[in-house]
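Biologist: I am new to this one. Please take me through it, and give me the reasoning behind each label.

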Amino acid sequence: MRSKRKAISPIIATLILIVITVIAGIFLYSFVSGYLGTLSSTTSTPPNVQISPVSYYQHYDSNTTYNGVIEVTITNVGSTPVSIVPTGSFYFANGTLAGSATLVKKILPSSGLQYLLYTSPLTLTPGQTVEINVTLVASSPYTVAPGYSYYLKFTTTTGYTISSTSFIP
């Protein structure tokens with residue numbers, strides 16, 4: 001005996017499955033391309049910056065808390081501007097944190113040599129070189145001492161770390 005129920009035609013069932021698959025594919029494509037677009041827009045190329053120590057000298061001043069000042073040359077050898085956060089760190093050659101480092105401007109007023117701390121990032125255009133001073137404040141129990149090798153580390157405003165070549169005071 002035959003049932004009086006009618007089923008859906010195999011052709012229509014196939015078309016419905018194709019439509020569902022296409023809609024799911026479009027949804028998956030839009031999700032993945034949106035996710036990858038977010039990743040690529042937040043990723044920037046690493047800066048190409050060179051920090052080279054020029055000279056170091058102890059700084060004795062009763063009005064300051066830093067142990068020494070190093071004069072450095074900072075060069076942006078990359079093709080995009082770079083902004084360097086003015087506070088960083090300095091390390092022993094073996095990687096042990098030795099203390100903090102801060103970018104400063106050297107000024108010579110009539111009252112004598114003074115250093116003015118940078119309060120905003122130092123921005124370098126491509127190809128630009130600046131000579132700048134960095135104050136060093138050693139973390140206890142360390143001091144900045146001759147004969148030890150150190151290096152500086154600063155961060156850019158985009159989150160990349162840049163390091164100097166090593167220097168010996």
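Biologist: Which residues have the most contacts inside the largest nonpolar core?

Modeller: This is a predicted model. Its largest nonpolar core has 28 residues. Those with the most contacts inside it are Ile-74, Ile-84, Leu-103, Val-134, Leu-136, Leu-152 and Phe-154. Several strands each supply at least two residues, including β1 (49–58), β2 (68–76), β5 (97–107) and β9 (150–155). Strand β8 gives the most, with five residues.

Biologist: What makes a set of residues a nonpolar core?

Modeller: The residues must be buried, of listed types such as Ile, Leu, Val and Phe, and joined through side-chain atoms within 4.5 Å. In soluble globular proteins, nonpolar side chains tend to be buried together.

Biologist: Which residues is Leu-152 in contact with, leaving aside its neighbours within four places in sequence?

Modeller: Among them are Ile-51, Ile-70, Val-72, Phe-90, Ala-101, Val-134, Leu-136 and Phe-167. Ser-89, Ser-163 and Ser-164 also touch Leu-152.

Biologist: Why is Ser-83 called buried?

Modeller: Buried means under 20% relative accessible area. Ser-83 has 19%, so the residue counts as buried. Its place is in strand β3.

Biologist: What makes the link between Ser-83 and Thr-123 a polar contact?

Modeller: The cut-off for the N or O atoms is 3.5 Å. The side chains of Ser-83 and Thr-123 are joined at 2.8 Å, so the distance passes. Not counting residues up to four places away in sequence, Ser-83 also touches Pro-121, Leu-122, Thr-155, Thr-156 and Thr-157.

Biologist: And Thr-75: is that residue buried or exposed?

Modeller: Buried. Thr-75 has a relative accessible area of 15%, and the limit is under 20%. Thr-75 is placed in strand β2. Its side chain makes a polar contact of 3.1 Å with that of Thr-129. Thr-75 also touches Asn-48, Val-49, Gln-50 and Gln-128, not counting residues up to four places away in sequence.

Biologist: Why is the pair of Tyr-91 and Tyr-151 called stacked?

Modeller: Ring centres must lie within 6.5 Å to pair, and planes under 30 degrees apart count as stacked. Here the centres are 5.5 Å apart and the planes differ by 20 degrees. Both tests are met, so the pair is stacked. A search of the whole structure finds three aromatic pairs.

Biologist: What does the pair of Tyr-91 and Tyr-151 tie together?

Modeller: Tyr-91 lies in strand β4 and Tyr-151 in strand β9, so the pair ties together parts that are 60 residues apart in sequence. Both tyrosines are buried. Elsewhere, ring pairs link Phe-90, Phe-92 and Tyr-150 into a cluster.

Biologist: How do you know that the charged end of Lys-153 sits over the ring of Tyr-91?

Modeller: The charge must be within 6 Å of the ring centre and within 35 degrees of the ring normal. The charged end of Lys-153 is 5.0 Å from the centre of the Tyr-91 ring. The distance passes, and the contact is classed as sitting over the ring.

Biologist: How many helices and strands are in the protein chain?

Modeller: One helix and 10 strands. The helix comes before the strands along the sequence. Of the 169 residues, 30% count as buried.

Biologist: Which elements have the lowest and highest mean pLDDT?

Modeller: Strand β6 (residues 114–117) has the lowest, 69, and β3 the highest, 90. The chain averages 79, and 80% of the residues score at least 70.

Methods. Residues are numbered from 1 along each chain as its sequence is written. Side-chain values use heavy atoms; hydrogens and water are left out. Buried means under 20% relative accessible area, exposed over 50%, partly exposed in between (1.4 Å probe, protein chains only). Helices (H or I, at least four residues) and strands (E, at least two) are DSSP runs, numbered from the N terminus. Contact means heavy atoms within 4.5 Å. A polar contact is a pair of N or O atoms within 3.5 Å; within protein, one must be able to donate a hydrogen and the other to accept it, and residues adjacent in sequence count only if both atoms are side-chain atoms. pLDDT is the predictor's confidence in each residue, from 0 to 100. Rings of Phe, Tyr and Trp (its six-membered ring) pair if their centres lie within 6.5 Å; planes under 30 degrees apart count as stacked, over 60 as edge-to-face and the rest as tilted.
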